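Here's a quick walk through a predicted model. Have a look at the sequence and the structure first, and then we'll go through a few spots together.

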Amino acid sequence: MPSKPPSLRPRKVSAARKLSNWTTTRASRQARGYGREHELMRAQVLREEPLCRICTAEHRISPTEIADHIVPKAEGGSDERDNYQGLCRPCHKAKTARESARARRK
Ligand SMILES: [Zn+2]
């Protein structure tokens, strides 16, 4: 998986533009917590939660595609299993948009 999917994370780009030096200020894929550990966690979440948690709560059935941090790492969320949930892509996109809006208000 590419470390920076442009279409899914437009916020990353605008945030990055504010940084004067992308190459030295941006943490590595590993340091950001999306290395091998994340891959293992993602596999576990998809196995344990085959259906999107938000859709399930709203009586829809959508397969999990994303292992999502319930509390975003940017807001101090952990990489523990209990901070992960399985989400479908549309729910993840909506949640990420809400988090980005929250980050902008800070
Ligand atoms: Zn969903």
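## Cysteines around a metal

C52 and C55 are both buried. For C52 the relative accessibility is 0%, so that one counts as buried under the 20% cut-off. C55 has a relative accessible area of 2%, and it is therefore buried as well.

What are these two cysteines doing in the model's metal site? They sit among the protein donors of the zinc ion, which are C52, C55, C88 and C91, each through its SG atom. The donors lie 2.2 to 2.3 Å from the zinc ion. Along the sequence, the donor residues follow the spacing C-x2-C-x32-C-x2-C.

Which arrangement do the four donor atoms form around the zinc ion? Their angles run from 104 to 114°, so the arrangement is tetrahedral. For comparison, the ideal angle for four tetrahedral donors is 109.5 degrees. As for disulfides, the count is zero.

## A threonine next door in the list

Now for T64, which is placed in the loop between α4 (53-57) and β1 (66-69). Is T64 buried or exposed? With a relative accessible area of 10%, T64 is under the 20% cut-off and therefore buried.

Here are the three residues with their relative accessible areas:

| Residue | Relative accessible area | Status |
|---|---|---|
| C52 | 0% | buried |
| C55 | 2% | buried |
| T64 | 10% | buried |

Who does T64 touch, if you skip its neighbours within four places in sequence? The contacts are L46, E49, P50, L51, C52, G86, L87 and C88. Two names there should ring a bell: C52 and C88 are in contact with T64, and both are also zinc donors.

One of those partners, L51, has its backbone oxygen 3.2 Å from a polar atom of the T64 side chain. R53 is eleven residues away from T64 along the chain, and the C-alpha atoms of the two are 8.0 Å apart.

## Stepping back to the chain

Zooming out, the protein chain has five helices and two strands. Reading from the N terminus, the order is α-α-α-α-β-β-α. Of the 106 residues in the protein chain, 29% are buried.

How do contacts spread along the sequence? Among contacts with a separation of 6 or more, 52% join residues 24 or more positions apart. The protein chain exposes about 7,300 Å², and carbon and sulfur atoms supply 56% of that.

How values were computed:
Residues numbered from 1 in each chain as written. Predicted model: local features only at pLDDT ≥ 70, side-chain atom pairs only at ≥ 80, totals over all residues. Heavy atoms only, no water. Helix = DSSP H or I, 4+ residues; strand = E, 2+ residues; numbered from the N terminus. Buried < 20%, exposed > 50% of the residue type's maximum accessible area, 1.4 Å probe, protein only. Contact = heavy atoms within 4.5 Å. Polar contact = N/O pair within 3.5 Å; in protein donor to acceptor, adjacent residues only side chain to side chain. Areas by Shrake-Rupley, 256 points an atom, 1.4 Å probe, with all protein chains shown as cover. Donors = N, O, S within 2.8 Å, 3.2 Å for Na, K, Ca; no water. Tetrahedral: all angles 85-135°; square planar, octahedral: opposite > 155°, others 65-115°. Disulfide = S-S within 2.5 Å.
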